[in-house]
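Biologist: Please take a close look at the sheets in this model, and describe how their strands are ordered and what packs against them.

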Amino acid sequence: MAHLYIAAAHKSSGKTTVAIGLAAAMVKRGLAVQPFKKGPDYIDPLWLSLAAGRPCYNLDFFTQGRAEIINTFSHKVDGTSIGLIEGNKGLFDGIDVEGTDSNAALATMLGAPVVLVIDTAGITRGIAPLIRGYMNFDPDVNICGVILNKVGGARHEAKLRAALERYTDAEVMGAIGRDAAFEIPERHLGLIPANEATGSSAAETMISRLGFAISMGVNLDRVVACANAATLPPGVKDASRQSQTVTSRVKPDIRIAIARDAAFGFYYPDDLEAFERAGAELIPFDTLRDKHLPECDGLFIGGGFPETQLKALAANKGLLLEIREALAAGKPAYAECGGLMYLSRRISWAGESADMVGAVPADTVVGTRPQGRGYMLVRESGNGPWPQLRQTPESNATDIPAHEFHYARLQNLGENPLFAYEVVRGTGIDGHRDGLVVNNLLAGFAHHRNTAANPWVERFVAFVRDKSAKSNLASE
């Protein structure tokens, strides 16, 4: 099972653009690439998915148990593909000072050789002690090579290579010049998501450009050889063998409409697969262009950047009205972050304001600073529309792991609102609570992931199925 870990000394080193370029270059060679991303992230995986032509799966110590991480990895990488894992922040960074949740820990757990992407701006000979320190810090981490990024020119590259050759055993696998054309545009919450460019050539052009840069500046043969030399630890080997069994699919008996467009694209692919396993057919619709809500038993609107699509969202008045009426009539629905914003009365951002669905009795204001950012822990209050999470041997804790990243806040919230969650860690809607409940709608700022500790998809599908069955009985 060939696989590789792309890491860096610190964040903003360019590892995302390098990972995207590597995926594109390998695919152009005819290789199959299965991408992964460490941590809770939607934007990088969207780009990696587009570059590889396969869904990118997240591997996250906070929301997943170690067995779940191994199973996710093992089920998606096979003997015909190269697993490409992009890290987050720096190689040894994490919440735990012991490094148990770091990129290094994940790479070691999966037996993944590491390629370090180094931002070389403003450094020459000093790269040697940096790389020596990283290579010697943890002997269990297999750093198989270095890619020099943001190199200032031939002279700069020569100095860097000379220092590494003189003082380290690190193999330089390539060098990429400092070029604004290799930078994906950023906005208030990071890189512009690839789904905003779907249907245009912008994302494809950027991916092609990065793939070309990698092909020209990096020894791709050495990178692939490094991936092919990966040795699976025993636990991952066992999971890999078990992953060959075919998972049976359940014939869908309910339909759930899901917003998939330039405004809403933040979905975990394994969550979407969980809907299928639970017997739900996902029906995509475009909040910007579709005039009508698809015929459905329930509604799911995930995260995204509705504030960047204000005019188009507001102009689609017929769909806004249909969604508002459907929710008022009791149609089951779940919305996260951007979805919550869209369902509020109004969104204001950067001097502009526009009316939205109005199902949530509040106004959304998007500011210039994060309101909630990072990992969350929430605890069910008992007010949620779905039955409370039952404790199992896999999930015996009352705190549910999630994450949030929003610059938005709700204002003018109606009196006596019901909340499904108490916030143990994080911000949520008001610093103490999250998951606003309106009829059969649950909407909050927390991003939930379907895991053993938080099987929200199965619970939501069961809730929709129950409501659909009761509605059908009432109409007979």
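Modeller: In this predicted model, four strands make up an open sheet with the order 17-16-18-21, and the pairing in this sheet is mixed. Strand 17 (352–355) and strand 21 (408–411) are the edge strands, each pairing on one side only. On average, neighbouring strands of this sheet are turned by 20° against each other, direction ignored. Strand 16, residues 344–349, runs antiparallel to strand 17 and is joined to strand 17 by four bridges. Within this pair, I347 stands opposite A354 of strand 17.

Antiparallel pairing also links strand 19 (residues 372–380) with strand 22 (residues 418–425), here over four bridges. In this pair, E380 lies opposite Y421 of strand 22. Strand 22 is further joined to strand 23 (residues 433–438) by four bridges, and these two strands run antiparallel. The bridge partner of E422 in strand 23 is R433.

A further open sheet is formed by seven strands in the order 3-2-4-1-5-6-7, with parallel pairing. Strand 3 (57–59) and strand 7 (172–177) stand at its edges; each has a single partner strand, so one side of each is left without a neighbour in the sheet. Neighbouring strands of this sheet are turned by 25° against each other on average, direction ignored. At the strand 3 edge, three bridges connect strand 3 to strand 2 (residues 32–38), and the two run parallel. K38 stands opposite L59 of strand 3.

Helix 2 packs on this sheet, where it touches strand 2, strand 3 and strand 4 (81–86). The direction of helix 2 makes about 175° with that of strand 2. Of the ten residues of helix 2 (residues 43–52), seven are buried, so the helix is largely enclosed by the rest of the structure. These buried residues are I43, D44, P45, W47, L48, A51 and A52. After helix 2 comes G53, which has a positive phi near 75°.

Helix 8 (residues 220–228) lies across strand 1 (3–8), strand 4, strand 6 (143–151) and strand 7. With respect to strand 1, helix 8 runs at about 115°. Strand 4 is thus named for both helices: helix 2 touches strand 4, and helix 8 lies across strand 4.

Note on methods. Residues numbered from 1 in each chain as written. Predicted model: local features only at pLDDT ≥ 70, side-chain atom pairs only at ≥ 80, totals over all residues. Heavy atoms only, no water. Pairing = 2+ DSSP bridges. Axes fitted to C-alpha atoms, helices over the stretch in contact; angles between N-to-C directions. Buried < 20%, exposed > 50% of the residue type's maximum accessible area, 1.4 Å probe, protein only. Contact = heavy atoms within 4.5 Å.
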